[in-house]
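Subject: Structure for your review

Dear colleague,

Please find below the structure that I am handing over to you, followed by an account of what was found in it. I would be grateful if you would keep the view open while you read.

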Amino acid sequence: MISAGAFPSFVKSIKNLNWFIAMGSIFSSVGFKVETQKDLVDLVESTIGDKEFSDSFGVFQKVQLAGYTLNAGHGIVFNVNLAHTGEGWEIVDVSPCFYGSKEHAVVLKDCELYQDVEDEWKFYLYGVDEQTGTPVELYISNFVQCASFLPPMAEKYEIVPVGLAYNGEILPARRLIQTDEMEEGSTMANFFVQTAQIQAMENIPPVVYGLLGDILDVKKIKNEWTGEEVYWLYIDTSPFKLEVLINPADLEGEPEVGKRLFATVWLQGEVTPK
């Protein structure tokens, strides 16, 4: 194990600070507030704190990894990942995450691992949902723990897909339009698609999706670290289902079962071999 005391200057090694600050809505989706560099540094410092050892340890392509986690309760976490490079230990990735319910897990086949073009230590998994045939790309929220068995060492992986929402709007339930000849579908069908226009924007990661789906379940959960409450929703985009977290301040309307959510989300998930 690795002593946290070995990192007296760890805050100086955070990469892409502006990228994370631009992701402010993603932090707020799980109840954290990150609007400035100081906010992010304070959160990293609180996560590592005075822990004697890291919370997790792994190896990727012969590089040692260490992970620190701030557990804010109810599945909400903030992760700080370090790698042992040629210059010693360095913070290589930080991210707000939500660990969803295993009962909502899906199996991805034909999986591929790839790295962010701007950040070599931010990893994504591509695969096809075995049940629905939906292609999925997501940020790996538990990378340190699963680094040693990532592709090509396994063909299938179980994931719990979670969308951290930038923004959202509650729409009425789907209504059928009655005509003289037939009963037609709703005015707008559910969808779950990668948002190319948003992805092309500066400081936005590649695994951003636009979605419209039926609300199957909804509740409020509290970030026990900050005391802030956020919405947790289980969404059916027909046919792909996922959990979504969103801050009430970023949501227009009141979510209820049966209504629909229209939102833009950053897709992530825990990954385990199947």
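A residue is called buried when its relative accessible area is under 20%, exposed when that area is over 50%, and partly exposed in between. Glu256, at 41% relative accessibility, is therefore partly exposed. Please note that this is a predicted model.

Salt bridges

Side chains of opposite charge can pair when their charged atoms come close. The count for this structure is five salt bridges, and three of these pairs are described here, beginning with that of Glu256.

The partner of Glu256 is Lys259, and the closest N and O atoms of this salt bridge lie 3.8 Å apart. Lys259 has a relative accessibility of 26%, so Lys259 also falls in the partly exposed class.

A salt bridge also joins the side chains of Lys51 and Asp55, with a distance of 2.6 Å from N to O. Are these two residues buried, partly exposed or exposed? Lys51 has a relative accessible area of 25% and is partly exposed; Asp55, with 43%, is likewise partly exposed.

The third pair consists of Lys122 and Asp93, whose closest N and O atoms are 2.5 Å apart. This salt bridge connects distant parts of the chain, as the two residues are 29 residues apart. Lys122 belongs to the loop between strand 5 (106–115) and strand 6 (123–129), whereas Asp93 is found in strand 4 (residues 88–98). Why does Lys122 count as buried? Its relative accessibility is 1%, and the limit for a buried residue is under 20%. Asp93 has a relative accessibility of 3%, so Asp93 counts as buried by that rule too.

The cavity

How many cavities of 30 Å³ or more does the structure hold? There is one, and the volume of the largest cavity is about 40 Å³. Its lining includes Ser56, Tyr99 and Ser141, and also Phe143, Val144 and Gln145. Strand 2 (63–73), strand 3 (76–85) and helix 4 (143–146) are the elements that each give two or more residues to this lining.

What kinds of residue make up the lining of the largest cavity? Eight are polar, four are nonpolar and none is charged. Among the lining residues you will also find Gly67, Tyr68, Thr69, Asn79 and Asn81.

Yours sincerely,
A colleague

Methods: Residues are numbered from 1 along each chain as its sequence is written. This is a predicted model: local features need pLDDT of at least 70, side-chain atom pairs count only at pLDDT 80 or more; totals for chains, interfaces and linings use all residues. Side-chain values use heavy atoms; hydrogens and water are left out. On a 1 Å grid over the protein atoms alone, a cavity is a set of points where a 1.4 Å probe fits but cannot get out, and a pocket is an open set with protein on both sides within 12 Å along at least five of seven lines; lining residues have an atom within 4 Å of a point. Grid points are joined across faces, edges and corners, and a volume is the space filled by probe spheres set on the points. Helices (H or I, at least four residues) and strands (E, at least two) are DSSP runs, numbered from the N terminus. Ala, Val, Leu, Ile, Met, Phe, Trp, Tyr, Cys and Pro count as nonpolar, Asp, Glu, Lys and Arg as charged, and the others, Gly among them, as polar. A salt bridge is a side-chain nitrogen of Lys or Arg within 4 Å of a carboxyl oxygen of Asp or Glu. Buried means under 20% relative accessible area, exposed over 50%, partly exposed in between (1.4 Å probe, protein chains only).
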